[in-house]
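User: Could you take a close look at one part of this model for me, the sheet and what surrounds it? I'd like one connected walk through it, starting from a single residue and working outwards.

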Amino acid sequence: MNALQNLGRTVLTAVERIGRASLFFYEVLTGSWYLVRRFYLVVQQVYAVGVLTLLIILVSGLFVGMVLGLQGYNTLARFGAAESLGLLVALSLVRELGPVVTALLFAGRAGSALTAEIGLMKATEQLAGMEMMAVNPIDRVIAPRLLAGVIAMPLLAALFSAIGVLGGHIVGVGLLGVDSGAYWSQMQNNVDFYDDIFNGVIKSFVFGIVVSWIAVFEGYDAVPTSEGVSRATNRTVVFSSLAVLGLDFIMTALMFK
Amino acid sequence: MLQRTQLELWVGIFMALGILALVMLAFRVGNLSTADVVDGYKIEAHFDNIGSLKVKSPVTMAGVRIGRVSQIGFDDKNYQAVVTLNVDGRYKTIPKDTGASILTAGLLGEQYVGLDPGGSDQYLKAGDKITMTQSALVLEKLIGQFIFGKAGEPEPNKKP
């Protein structure tokens, strides 16, 4: 009986949270009008979530590309198709690894920071203070952060893929002796702009919305204590990673038939 | 907190880098620079065997890509492959008696359709058929011919 009651409570809490998150998202969207005349707030947040995430994205992109180069070469050389290395590296990065790994890193680096920041603002009653001054914290604090995440994610994913392709070039052409011309031409002949690159950008755009949404919602919804903020940060990373992986599967199934 | 100008500078650099990466992906990695067939027209060619030709394989004349394979079908009356070639609209003066053959880039590379211009002063229009075709080189057949000592002889049913 108790177990059933627990199950029921868990489900009810989950549904309630989803409902609150959706209403919250709607409020943030309508609150975005506030930013038209205060665009500097968004620029500040692009710095916080984009520029400060740049380094980890570039380094991981480079290494992921290099590892793809090594592993891909070993497998392709077995079938005498080592010249297709460029194609393998570019397609895996542009279609999957670029958007997904960027979103996971973004959740860990920027998402957790957003949640902690907003949660602490709530715990130290800064949000309540804003309301006292007749400033809507959703317009002023939440909306610029969400928008900045949506702007930054596709750019970060593009940087990740681009530097990964260069990393694959370093290893494949520089170390393993694949022909540089073959590396690029195989890539250009077989990577389609709309089918592969554009769909990858759409993916990262969706991930940008989802990860930033989860991050700001968890922060705004956090229990205003130090323990509550720590839990909210934890949930941000777990939920957004799971959401990214799940959505990626669905979008891949829809996009690449 | 950073100075406003410095922060704006960093964000500007970030945006520029991101857009640069997108442009690089589009032009260097993707096929946007080799702008695809512009308002092309379609020609059909029937082959006995197309080997591993695929949709989107290049169509070339004199080594220059002038179009792409847009569709591959099967003719169940003559048991032939029907390959639809989408040729760039800029090249409207391809003679009617042009021959098409399926060639291979490199020893094991991808296959493409090579067009050899004929001498006719009538030009191919949309929907026309190329009659003189040469099938793909199938390695197993070639080895078989070589073993039985016929490799040097011209194969019947082929363009002279």
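Analyst:
**From one loop residue to the whole sheet**

B:Arg90 counts as exposed, because only 11 C-beta neighbours lie inside 10 Å of it, and the cut-off for exposed is 12 or fewer. Bear in mind throughout that this is a predicted model. B:Arg90 sits in the loop that runs between β4 (80-87) and β5 of chain B. Although B:Arg90 and B:Gly40 are 50 residues apart in sequence, their C-alpha atoms are 7.9 Å apart in space.

On to the domains of chain B. The chain is split into domain 1 (1-35) and domain 2 (41-147). Taken over C-alpha atoms, the centres of domain 1 and domain 2 of chain B are separated by 41 Å.

Now the sheet itself. Chain B has an open sheet of eight strands with mixed pairing, and the order across it reads β7-β1-β4-β3-β2-β6-β5-β8. At the edges you'll find β7 (129-130) and β8 (132-134) of chain B; each has a single partner strand, so one side of each is left without a neighbour in the sheet.

Let's start in the middle, with β2. Strand β2 (residues 58-61) of chain B pairs with strand β3 (residues 64-75) of chain B in the antiparallel sense, over four bridges. Together β2(B) and β3(B) make a hairpin, with two residues between them. One thing to check in that turn is B:Ala62, which has a positive phi of about 55°. β2(B) also pairs with strand β6 (residues 111-116) of chain B, this time in the parallel sense and over three bridges.

B:Val59 is a handy marker for both pairings. Look towards β3(B) and B:Val59 stands opposite B:Gly67; look towards β6(B) and B:Val59 stands opposite B:Val113. As a rule of thumb, side chains in a regular strand alternate between the two faces of the sheet.

Next, follow the order out to the β8 edge. Strand β5 (residues 99-104) of chain B pairs with β8(B) in the parallel sense, over three bridges. If you want a register point there, B:Ser101 stands opposite B:Gln134 in β8(B).

Further along the chain comes helix α2 (residues 139-147) of chain B, and it's hardly covered: of its nine residues, the count of buried ones is zero. Just after α2(B), B:Gly149 takes a positive phi of about 70°.

Finally, the partner chain, for context. The secondary structure of chain A comes to eight helices and zero strands. The C-alpha trace of chain A spans about 65 × 55 × 30 Å along its principal axes, and 45% of the 257 residues in chain A are buried. Of the contacts in chain A between residues at least 6 apart in sequence, 87% join residues at least 24 apart.

Where the chains meet, 25 residues come from chain A and 19 residues from chain B. On the chain A side, the elements that give two or more residues are α2 (39-78), α3 (85-123), α5 (137-175), α6 (180-190) and α7 (193-221) of chain A. The residues on that side of chain A, the one that touches chain B, divide into 17 nonpolar, six polar and two charged.

Definitions and conventions:
Residues are numbered from 1 along each chain as its sequence is written. Chains are lettered from A and ligands numbered from 1 in the order in which they are written. This is a predicted model: local features need pLDDT of at least 70, side-chain atom pairs count only at pLDDT 80 or more; totals for chains, interfaces and linings use all residues. A residue is buried if 20 or more other C-beta atoms lie within 10 Å of its own, exposed if 12 or fewer, and partly exposed in between; C-beta atoms are placed from the backbone. Two residues are in contact if their C-beta atoms, placed from the backbone, lie within 7 Å. Ala, Val, Leu, Ile, Met, Phe, Trp, Tyr, Cys and Pro count as nonpolar, Asp, Glu, Lys and Arg as charged, and the others, Gly among them, as polar. Two strands pair if DSSP finds at least two bridges between them. Domain bounds come from an automatic or database domain assignment.
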